[in-house]
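Got your viewer open? Let's walk through this one together, one selection at a time.

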Amino acid sequence: MAIQDTSGQDRPLAKPAHGRPWQRWAIRGTLAIAVLGGIGYVVHGWLSANKSVDASRVRIAKVERGTLVRDVVADGRVVAANSPTLYAIAAGTVDFLVRPGDKVVKGQKLATIASPELQSRLTQEQATLAGLEAALGRAGLDVEHGKANAQQAIAQADVDREAARREVEINTKMFGNGVISELELRRSEDAMKKADLAVAHARAEAGLQNKGLVFDLGTKQQGLDRQRAVVAELERQVGALTIESPVDGLVGQLEVAQRASVAANAPILSVVDLGAFELEIKVPDSFARDLAIGMSAEIKSGTTTFTGTVRSVSPEVVDGNVATRIEFGAQRPAGLRQNQRLTARILIEERPNVLEIERGPFLEAGGGNVAYFVVDGVAERRTIKTGAVSLQAIEILSGANVGDEIVVAGTDAFGDAQRVRIAN
């Protein structure tokens, strides 16, 4: 019996998908080269770095597109917008009628000042005023007497002239009848001319005398008016010896002790106007230059927010800050008191759709012109251009794209290196 072969059991096998063996090795070699190239690129970046800094020493942020809000947030203290200090009108002894913290109303008596010197001056000037008033009355009578005497002199001159006129008339008739001589007629005519001159002189003298008397009366009237002004001022000062509150509010600080002697114009006490509180905050000089009177503000007291308006910005910079006053809107916190601490926010501007990055020390370190961009663990120094700056973010005008990573803090450890490896 012949032995059968195994050809019946043979089955054809499918060809491998990768083709021939040399093709498989080519693909594997290509992949190895790509991996080694990537590793080589990273290693090359690391090796080309000037120095290495641990990642824990830096802070990295991403460039984003959004709305940059420029605002100022600062704590401040409540101050009285109207806190007048009252002064002594004259030297004397102070007697307080209130104590610090007392609630007072406008016009209420707060203190009195005993000033014997001022009272004495008022009494003397009042006596002088009375004398001038009497002198003025007497001058008025002199004017009336002068007018009466002048009228009498004029009337007497008129009578004398009339008598001279009749005498001339009679002598003229008698001279025509040959009773008197021409000499006597001429004498009577001369007498009439003298009478005319007397009348004219009397009238002129009356006018001059009246002017003189009126002038004297006017001078005395002016002296009286001046004296009345002096007395009125002294009466005002004596009245001001009683110090009254100019506003509704609270008594502030007493500047002197009870029954103390004070000089003229010395401060006595202050009054706090409860109806005119403001919030005073300190704004960094870099932001203060952008503030303007009338800007809107938000004032936070606890969990409640109130509206306000910037009322004043000091032109003086003290310790790098500028004092700014914010007045409350229609609503204000209940129970507001002086020196109370509140938080205020002033909105300067909003810049929508801008490239922005978290604010950090890199802005000052690079002057806003350079930044370190992080790519594959290496920070590379590049040029950028920055724009507006807020408390939280910085606008990037050019040199960066959305998604770029920038070292925002810790660049002081980089020195002037162009490339720095960030070691994890």
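A quick definition before we start: a residue counts as buried when its relative accessible area is under 20%, and as exposed when that value is over 50%. Keep in mind that you're looking at a predicted model.

**Stop 1: the whole chain.** Show everything as a cartoon. You'll find five helices and 22 strands. Of the 424 residues, 33% count as buried. Now switch on the surface: the accessible area comes to about 25900 Å², and 52% of that belongs to carbon and sulfur atoms. How much of the contact list links residues 24 or more positions apart? Such pairs make up 77% of the chain's contacts with a separation of 6 or more.

**Stop 2: the largest nonpolar core.** Hide the surface and select Val 94, Leu 110, Ile 243, Ile 268 and Leu 269. These five touch the most other members of the largest nonpolar core, which has 27 residues. Next, colour β5 (92–96), β7 (109–114), α2, α3 (182–239) and β11, since you can see here where core residues come from: each of these elements supplies at least two. As a rule, nonpolar side chains in soluble globular proteins tend to be buried together.

Zoom in on Ile 243. Which residues does Ile 243 touch, leaving out those up to four places away in sequence? Among them are Leu 86, Tyr 87, Gln 108, Lys 109, Ile 268 and Leu 269.

**Stop 3: another core.** Select Phe 277, Leu 279, Leu 291 and Ile 326. They're part of a second, separate core of 24 residues.

**Stop 4: a helix residue.** Pick Gln 151, in helix α2 (residues 116–176). Is Gln 151 buried or exposed? Its relative accessible area is 53%, which is over 50%, so Gln 151 is exposed. Now draw a distance from its C-alpha atom to that of Arg 203: you should get 8.2 Å, although the two residues are 52 apart along the chain.

**Stop 5: two asparagines.** Most residues other than glycine have a negative phi. Go to Asn 265, in the loop between β10 (261–262) and β11 (267–273). Asn 265 isn't a glycine, yet its phi is positive, at about 70°. With a relative accessible area of 58%, Asn 265 is exposed.

Then jump to Asn 353, which sits in strand β16 (residues 341–358). Here, too, phi is positive, at about 55°, in a residue that is not a glycine. Asn 353 has a relative accessible area of 54%, so it counts as exposed.

Methods
Residues numbered from 1 in each chain as written. Predicted model: local features only at pLDDT ≥ 70, side-chain atom pairs only at ≥ 80, totals over all residues. Heavy atoms only, no water. Helix = DSSP H or I, 4+ residues; strand = E, 2+ residues; numbered from the N terminus. Buried < 20%, exposed > 50% of the residue type's maximum accessible area, 1.4 Å probe, protein only. Contact = heavy atoms within 4.5 Å. Areas by Shrake-Rupley, 256 points an atom, 1.4 Å probe, with all protein chains shown as cover. Core = buried A, V, L, I, M, F, W, Y, C linked by side-chain atoms within 4.5 Å.
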